[in-house]
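Here are a few short exercises on charged side chains. Grab the viewer and work through them one at a time.

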Amino acid sequence: MAEKFVEAKVKDNYEVETHIEGFSYTMDYTERTPDLISKGTSPTGMLLVSLSGCHLMTAVSYLNMKKIAFSVLNAQIDGDFIDEKPEWRLDAEVIVETDANLDDSQLAGLERFIHRHCKVSSILSKGNNIKLSFKLV
């Protein structure tokens, strides 16, 4: 089990400081306080950051396991949070870009591996629409 413990506190109005595993992260909600300088992304922005990191770390695991060399491994996510009362839904497109020399079978294997092992994607995909594609450079 991957149990985690987070401490969070409001610093100033919508600015929230969080601590986990010895690291600090600041979130804010500039849409509510447009006159202030942003000190971090929103909680929904952090979800997309987590999704990108999880996809990339999982891709690294696959490429290392298969002994496939790469020097470029990037992710871009275009995400939209939609209010479908009474719940919110995430529509996101994840594009993983790599210079790894992958054939169609390996690309399919990488996609299956990410869907199976990326915890963030697995959690967020329930009831949401998260598309994954690859761009070979």
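A salt bridge here means a side-chain nitrogen of Lys or Arg within 4 Å of a carboxyl oxygen of Asp or Glu. Keep in mind that this is a predicted model.

**Exercise 1.** Check whether E21 and K4 fit that definition, and work out which parts of the chain the pair ties together.

*Solution.* Start with the distance: N to O comes out at 2.6 Å for the side chains of E21 and K4. The cut-off is 4 Å, and the pair is indeed a salt bridge. Next, place the two residues. E21 sits in the loop between β2 (15–20) and β3 (23–27), while K4 belongs to the segment before β1 (7–12), so the contact ties together parts that are 17 residues apart in sequence. Finally, look at the surface: both E21 and K4 are exposed.

**Exercise 2.** Find the salt-bridge partner of K85 and classify each of the two residues as buried, partly exposed or exposed.

*Solution.* The partner is D83, with the closest N and O atoms 2.6 Å apart. Now the accessibilities. K85 has 67% relative accessibility, so it counts as exposed. D83 has a relative accessible area of 36%, which makes it partly exposed.

**Exercise 3.** Start from D91 and trace the network of salt bridges it belongs to.

*Solution.* First step: D91 pairs with R89, and their closest N and O atoms are 2.3 Å apart. Second step: bring in E84, which is linked with R89 and D91 in a network of salt bridges. As for exposure, D91 is partly exposed at 22% relative accessibility.

**Exercise 4.** How many salt bridges does a search of the whole structure find?

*Solution.* The search turns up 6.

Technical notes
Residues numbered from 1 in each chain as written. Predicted model: local features only at pLDDT ≥ 70, side-chain atom pairs only at ≥ 80, totals over all residues. Heavy atoms only, no water. Helix = DSSP H or I, 4+ residues; strand = E, 2+ residues; numbered from the N terminus. Buried < 20%, exposed > 50% of the residue type's maximum accessible area, 1.4 Å probe, protein only.
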